[in-house]
Amino acid sequence: MRGLAATTLASSCLLAQQFFIRKDIPVGVYPSNIVVGDFNGDGRRDIAVSTSEGVVVLLNMGGGNLGKRIRTAGLLYAVTAGDFNGDGKDDLVTGDNLFLISNGDGTFLPPRRVVDLNEGYVRGVGDFNRDGKLDLLVIGEGCTPTPPPPSCSVRVWLGNGDGTFRSGELLPSRADLVASAVVADLNHDGVIDVAMQSTIIGPLLVLLGKGDGTFGPEIRTPLDTGFALPLLVADFNGDGLPDLATAMGILLGKGDGPFSHRSLIPSRDQTCRC
């Protein structure tokens, strides 16, 4: 009976785990970032990968198949994709403020600067003023080396819908070397909000959007682990509220801006004790 019980328990553990079919796709040397978007306007989600050889695009052929790799640009770190000029095909924006308009075949026009940004980095995209045009979240603009730490600004650049942008208002927050930011509706009011984490150990900063391109005062969630790096927004505990997945665990959303203390992500060895 003991052997049968052990076998039954082991089978239950196996059934509880999810299995996925693995498919290895060569994209180039040192892939560093992956962006998903419809780059040829066929309604299917394609993939753009930043590598040491340039940005490589894999077009979605349907049925879980991807086409041959298309090397489309030089050494760029693609941050996000979106249709910034309203032609039905997603474009690319890089972290160092370069903008690439899609040609519709997996390639892009030569990169150009996002307006006259010589400082700061694009860290997110969203329709912050609800005009149907994508805007940019730029962090680190106008940094001053006042010790310590340096003081930087956070600004929204409003999209004109034709691939150009205009300067919006400064956000009511000081970004000290922000390493990561996520853009999502964090309080379920239909307006895009922003969550940020600094490279300097400190709290998670949440700015609730007002729907006109401006934001309310920052809401701070202390992080007992310090450097958390928000990576992904989703409802991980099924309560209908957006949570944050970080490198250190899950921050559970309360629906009004702040987050509760993190819950640890179990290691591979802890997922099933049999």
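These exercises work through the fold, one sheet and the aromatic pairs of a predicted model.

**Exercise 1. Take stock of the protein chain: how many helices and strands are there, and what share of residues is buried?**

Step 1. Count the elements. The protein chain has one helix and 21 strands.

Step 2. Turn to burial. The chain holds 274 residues, and 43% of them count as buried.

Step 3. Add the surface. The accessible area is about 14500 Å². Carbon and sulfur atoms contribute 56% of that area.

Step 4. Check the contacts. Among contacts with a separation of 6 or more, 36% join residues 24 or more positions apart.

**Exercise 2. Trace the open sheet that contains strand 1: what is its strand order, and which strands are at the edges?**

Step 1. Read the order. Four strands line up as 1-2-3-6, with antiparallel pairing.

Step 2. Find the edges. Strand 1 and strand 6 (70–71) each pair on one side only, and these are the edge strands.

Step 3. Look at one pairing. Strand 1 (residues 33–37) joins strand 2 (residues 46–51) through five bridges in the antiparallel sense. Gly-37 has Asp-46 of strand 2 as its bridge partner.

Step 4. Sort the faces of strand 1. Asn-33, Val-35 and Gly-37 make up the covered face. Ile-34 and Val-36 make up the uncovered face.

**Exercise 3. Classify the ring pair Phe-39 and Phe-108: stacked, tilted or edge-to-face?**

Step 1. Choose the descriptors. An aromatic pair is described by the distance of the ring centres and the angle of the planes.

Step 2. Place the pair in context. The model has five aromatic pairs.

Step 3. Apply the values. The centres of Phe-39 and Phe-108 are 5.6 Å apart, and the planes stand at 75 degrees. The cut-off for edge-to-face is over 60 degrees, so the pair Phe-39 and Phe-108 is edge-to-face.

Step 4. Locate the partners. Phe-39 sits in the loop between strand 1 and strand 2. Phe-108 sits in the loop between strand 9 (98–100) and strand 10 (112–113). The pair therefore ties together parts 69 residues apart in sequence.

Step 5. Test burial. The limit for buried is under 20% relative accessible area. Phe-39 has 0% and counts as buried. Phe-108 has 7% and is buried too.

**Exercise 4. Which residues form one aromatic cluster?**

Solution. The cluster consists of Phe-84, Phe-99 and Phe-165.

Definitions and conventions. Residues numbered from 1 in each chain as written. Predicted model: local features only at pLDDT ≥ 70, side-chain atom pairs only at ≥ 80, totals over all residues. Heavy atoms only, no water. Buried < 20%, exposed > 50% of the residue type's maximum accessible area, 1.4 Å probe, protein only. Helix = DSSP H or I, 4+ residues; strand = E, 2+ residues; numbered from the N terminus. Pairing = 2+ DSSP bridges. Contact = heavy atoms within 4.5 Å. Areas by Shrake-Rupley, 256 points an atom, 1.4 Å probe, with all protein chains shown as cover. Phe/Tyr/Trp six-rings, centres within 6.5 Å; stacked < 30°, edge-to-face > 60°.
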